[in-house]
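Colleague: Before I use this model, I should like to go through its packing and its charged pairs with you. Could we proceed by question and answer?

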Amino acid sequence: MKPLKDSKGVNNLSKESILIVEDEEKIVRLLEIELEYEGYETGKALDGIDAFEMFLSQKWDLILLDIMLPGMSGIELLRRIRGKNSAVPIILLTAKDSIEDKVSGLDLGANDYITKPFRMEELLARIRAVLRMSQATIPSSSIDEEWLQFSDLRVNDKTREVVRSDLDVSLTPKEYDLLLYLLKNKRQVLDRGQILEAVWGYDYYGDTKIVDVYIRYLRKKIDADFDTALIHTVRGVGYVLKDAT
């Protein structure tokens with residue numbers, strides 16, 4: 001990657017990369033010119049299928065994603081991207097009246113959207129804001145991600161990502177803490193008191209039934225949609241994370 005100068009003439013040795021997914025070539029060319037002038041590195045895809053291949057083949061710092069695409073819709077592309085990677089920021093480019101698409105996109109994990117026709121200054125501001133948020137929430141050490149894994153379940157304790165069978169799983173903070181404790185003590189039977197103390201803290205004096213409630217919540221997200229259950233009840237004792245027997 002050759003160092004280029006930014007708009008102020010300063011060498012930019014570590015440029016952020018933006019993938020433009022848009023089927024209108026005039027818009028693509030305008031975005032390329034403006035983004036490269038601002039110091040970003042760009043790539044482009046004119047349909048959803050090519051865009052997904054580009055996403056898989058290269059790391060991107062942000063994706064600008066048009067909803068109306070040939071080959072594969074922007075909403076379906078977003079769904080597939082989020083199935084592979086929950087971290088890459090995505091800004092949707094939407095039509096003025098596409099309220100349902102905006103809602104669907106945000107529900108599927110888009111970070112922001114902007115309505116066409118848009119002012120370039122506003123888009124650039126949104127890009128900067130989303131990139132700042134991404135950098136603030138993901139530690140730089142996550143470049144060398146360390147995953148805890150058991151069977152087809154993976155947990156990254158740096159980014160708090162949870163993946164099962166290559167599908168992202170969204171957990172509340174307490175559900176995540178419970179899963180992490182089970183995973184770090186996999187194949188060990190843990191009684192409710194142990195779990196309560198470890199996950200809710202030494203000063204928590206609540207009923208241990210809260211453990212059963214959160215185990216039920218966790219099972220719905222970790223086990224319910226998969227053929228093999230990983231969270232097992234040991235009658236009269238507690239719970240264990242293990243392969244099916």
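The exchange below concerns a predicted model and takes up its cores, strands and salt bridges in turn.

Colleague: Which helix gives the most residues to the largest nonpolar core?

Modeller: The largest nonpolar core has 26 residues, and Val162, Leu179, Ile195, Leu218 and Ile222 touch the most other members. At least two residues each come from β9 (153–156), α6 (173–184), α7 (192–200), α8 (209–222) and β14 (238–241). With 7 residues, the element that gives the most to this core is α6.

Colleague: With which residues is Leu179 in contact, leaving aside its neighbours within four places in sequence?

Modeller: Leu179 is among the five members named as touching the most others in the largest nonpolar core. Leaving aside neighbours within four places in sequence, its contacts are Leu153, Val155, Val162, Leu171, Leu218 and Ile222.

Colleague: How many residues does the second, separate core hold?

Modeller: This second core is separate and includes Leu78, Ile81, Val88 and Ile90. Its size is 20 residues.

Colleague: Is strand β5 largely enclosed or open, and how many of its residues are buried?

Modeller: One side of β5 carries Leu62, Leu64 and Asp66, the other Ile63 and Leu65, and all of these are buried. In a regular strand, side chains alternate between the two faces of the sheet. Strand β5 (residues 62–66) is therefore largely enclosed by the rest of the structure, its buried residues numbering 5 of the 5.

Colleague: Which residue of β6 stands opposite Leu64?

Modeller: Strand β3 (residues 17–21) pairs with β5 in the parallel sense over 4 bridges, and there Ile20 has Leu64 as its bridge partner. Strand β6 (residues 90–94) also pairs with β5 in the parallel sense, over 4 bridges. In β6, the residue opposite Leu64 is Ile91.

Colleague: How many residues apart in sequence are the parts tied together by the pair Lys116 and Asp66?

Modeller: The side chains of Lys116 and Asp66 meet in a salt bridge of 3.1 Å, N to O, and both residues are buried. Lys116 lies in the loop between β7 (112–115) and α5 (120–137), whereas Asp66 belongs to strand β5, so the pair ties together parts whose separation in sequence is 50 residues.

Colleague: Which residue is linked with Asp66 and Lys116 in a network of salt bridges?

Modeller: Side chains of opposite charge can pair when their charged atoms come close. The structure holds 15 salt bridges. In the network that contains Asp66 and Lys116, the further residue is Glu22.

Colleague: Is Arg160, the partner of Asp177, buried, partly exposed or exposed?

Modeller: Asp177 forms a salt bridge with Arg160, with the closest N and O atoms 3.4 Å apart. This pair links helix α6, which holds Asp177, to the loop between β9 and β10 (161–164), which holds Arg160, 17 residues apart. Asp177 has 28% relative accessibility and so counts as partly exposed. Arg160, at 42% relative accessibility, likewise counts as partly exposed.

Colleague: How far apart are the closest N and O atoms of Arg192 and Asp212?

Modeller: Arg192 counts as partly exposed because its relative accessibility is 23%, and Asp212 counts as partly exposed at 24%. In their salt bridge the closest N and O atoms are separated by 2.8 Å. Placed in helix α7 and helix α8 respectively, the two residues are 20 residues apart, and the atomic separation asked for is 2.8 Å.

Colleague: Which side chain is joined to that of Asp112 by a polar contact?

Modeller: Asp112 lies in strand β7 and, at 19% relative accessibility, counts as buried because the limit is under 20%. Apart from neighbours within four places in sequence, its contacts include Ile90, Ile91, Leu92, Leu106 and Val130. The polar contact of 2.9 Å joins it to the side chain of Arg126.

Colleague: What angle does the direction of α6 make with that of β9?

Modeller: An open sheet of 4 strands runs in the order β8-β9-β10-β11 with antiparallel pairing, and β8 (147–150) and β11 (167–168) are its edge strands. Within it, β9 and β10 pair over 4 bridges, Asn156 having Glu161 of β10 as bridge partner. Helix α6 packs on this sheet, touching β8, β9 and β10, and its direction makes with that of β9 an angle of about 115°.

Terms used. Residues are numbered from 1 along each chain as its sequence is written. This is a predicted model: local features need pLDDT of at least 70, side-chain atom pairs count only at pLDDT 80 or more; totals for chains, interfaces and linings use all residues. Side-chain values use heavy atoms; hydrogens and water are left out. A nonpolar core is a set of buried Ala, Val, Leu, Ile, Met, Phe, Trp, Tyr and Cys residues joined through side-chain atoms within 4.5 Å. Buried means under 20% relative accessible area, exposed over 50%, partly exposed in between (1.4 Å probe, protein chains only). Contact means heavy atoms within 4.5 Å. Two strands pair if DSSP finds at least two bridges between them. A salt bridge is a side-chain nitrogen of Lys or Arg within 4 Å of a carboxyl oxygen of Asp or Glu. A polar contact is a pair of N or O atoms within 3.5 Å; within protein, one must be able to donate a hydrogen and the other to accept it, and residues adjacent in sequence count only if both atoms are side-chain atoms. Axes are lines fitted to C-alpha atoms, for helices over the stretch in contact, and angles run from 0 to 180 degrees between N-to-C directions.
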